[in-house]
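User: I should like to go through the assignments in this model and hear the reasoning behind each of them.

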Amino acid sequence: MKVIFNRSSISAAVAPLMCAVSGKSTLSTIEGILIEAKFPDTCIMTTFDLEKGVRISVEAKVIEEGKFIINAQKFAQTLRVMEGDEVTLTVDDKLVACIFSGRSSHKMIALKGEEFPGIPDLESDRSFIVGQAVIKKMLSKVSFAMGVNDQRAVLNGTFFSISDDSVMMVSCDSFKLAKCKTNTELVNKNTNGNEHLEYKFIVPVKTVNELNKLLDDDEEALVQIFVTRKHIVFNIGEIVFFSRLVDGDYIDFNRIIVTSHRIKVEVDKRELISALERASLITEERIAGSVRSHVKLDIDGNDLKISAVSSAGSTYDELGISHEGDNIIIAFNNRFLIDSIRSCGGERVILSMSSPLTSMNIEPADVDGDCEEIFMLLPVRMKD
């Protein structure tokens, strides 16, 4: 195989490929990039760690066809340090790969392309098109609440519910829940005769984190999403990003969310986050190998008193609020509380609660007709 690449083009292509390279594995094939060079001037590069994968077509001049696997980390590092506008990659019959750029050359061992693990079908008869910015914004609101290594596998990811004119996402773990629903334009690309969109699936946590990096904020950019029984495929411009789905039925989140709270507080979002960030200087101080992370909220009339105490010191803030219902003292994991409030839209937020031991809802005070969002957080039991 012999292929000539533009150095800037191949470097730009390798960056997203790295998100699907296995770091530690007994299989050397999934630590590499599958490079398939075909006439006329077609080069397809694929990485796949058995859970998620990326495929990109790269402009190149193909001198000799071939299909080989090159170690991804070594290839990326070599491209980074080499000079010259062009990069020439050759692989001989002895599986020796040589990379030339300018007056420099570097050799490494390649593997046969046939040894690369089989990837799933990257197209199906069930697909739709939606704006990249819509998906990216929604993921940024709910991804913080995903479970990580939760015993309930369905919580280790984000739940998607797709209909003809809306997208809903939900993430939840043992302490927090985030739900966001957006009315948006979707283009139905089903070829199976189904006129309506109705999909429900769970995207794994690692896939969600990488997907958020690949999506664009451009309001005009689109992504086509293919749905199969076990996999999800995102066509993002020149990038094809695919992943396994989490198998199982998601929890009944509507039953979990309490909607009849007795106490409501409206507060300026920016001021509240600032106060909580100041409290984090105390709550996130490591003490004897653990982190004391709870912050106390004392709602007294039209004042919200925020305090935290540890052996590292103490902090206290007061904010003006609008308040309905009884006074209450309640405590939360400060980092979870900051993440929930920061994800909530609008300039002011509403905190709804009933007792120091029941969950609190966080919602934007300004109602957006096209977007519904709610965040739920369980309190912690106060020891002092």
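User: How many bridges join strand β22 to β23, and in which sense do the two strands run?

Analyst: The model is a predicted one. In it, strand β22 (residues 303-310) is joined to β23 by 8 bridges, and the two run antiparallel. Two strands pair if there are at least two bridges between them, so 8 bridges qualify β22 and β23 as a pair. Within this pairing, Ser310 stands opposite Gly313 in β23.

User: What makes β23 an edge strand?

Analyst: The open sheet in question has 4 strands in the order β23-β22-β21-β25, with antiparallel pairing. β23 (313-320) pairs on one side only, and β25 (328-333) does likewise, so these are the edge strands. Direction ignored, neighbouring strands of this sheet are turned by 20° against each other on average.

User: Which helices lie across these strands, and at what angles do they run?

Analyst: Helix α6 (residues 269-283) lies across β21 (294-300), β22 and β23, and runs at about 170° to β23. Helix α7 (residues 334-343) lies across β21 and β25, running at about 95° to β25.

User: How do you know that strand β5 and strand β8 pair?

Analyst: Strand β5 (residues 66-71) and strand β8 (residues 104-112) share 3 bridges in the antiparallel sense. The criterion is at least two bridges, therefore 3 bridges suffice. Ile69 has Leu111 in β8 as its bridge partner.

User: What is formed by β7 and β8?

Analyst: β7 and β8 form a hairpin with 2 residues between them, and Gly102 in the turn has a positive phi of about 60°. Strand β7 (residues 96-101) runs antiparallel to β8 and is joined to it by 6 bridges. Cys98 stands opposite Lys107 in β8.

User: Why are β14 and β24 placed at the edges of their sheet?

Analyst: That open sheet comprises 9 strands in the order β14-β10-β11-β12-β28-β27-β26-β18-β24, with antiparallel pairing. β14 and β24 (322-324) each have a single partner strand, so one side of each is left without a neighbour in the sheet. The average turn between neighbouring strands here is 15°, direction ignored.

User: Which strands does helix α3 lie across?

Analyst: Helix α3 (residues 132-142) lies across β10 (157-162), β11, β12 and β28 (371-377), running at about 160° to β12. Helix α4 (residues 205-214) also packs on the sheet, where it touches β10 and β14, and its direction makes about 90° with that of β14. As for β11 (residues 166-172) and β12 (residues 176-183), 7 bridges join these antiparallel strands, and Ser171 has Ala178 in β12 as its bridge partner.

User: How many aromatic pairs are counted?

Analyst: The count comes to 9 aromatic pairs. One of the pairs is formed by Phe128 and Tyr199, at 5.8 Å centre to centre with 25° between the planes.

User: Why is the pair of Phe128 and Tyr199 called stacked?

Analyst: Ring centres must lie within 6.5 Å, and planes under 30 degrees apart count as stacked. The pair has 5.8 Å and 25°, so both conditions are met and the pair is stacked. The pair links distant parts of the chain, with Phe128 in strand β9 (residues 127-131) and Tyr199 in strand β14 (residues 199-204), 71 residues apart.

User: Are Phe128 and Tyr199 buried or exposed?

Analyst: Buried means under 20% relative accessible area. Phe128, at 0%, therefore counts as buried, and Tyr199, at 3%, is buried as well.

User: What makes Lys176 a charge over a ring?

Analyst: The charged end of Lys176 sits over the ring of Phe336, 3.8 Å from its centre. The distance limit is 6 Å, so 3.8 Å satisfies it.

How values were computed
Residues numbered from 1 in each chain as written. Predicted model: local features only at pLDDT ≥ 70, side-chain atom pairs only at ≥ 80, totals over all residues. Heavy atoms only, no water. Phe/Tyr/Trp six-rings, centres within 6.5 Å; stacked < 30°, edge-to-face > 60°. Buried < 20%, exposed > 50% of the residue type's maximum accessible area, 1.4 Å probe, protein only. Lys NZ or Arg CZ within 6 Å of the ring centre and 35° of its normal. Axes fitted to C-alpha atoms, helices over the stretch in contact; angles between N-to-C directions. Contact = heavy atoms within 4.5 Å.
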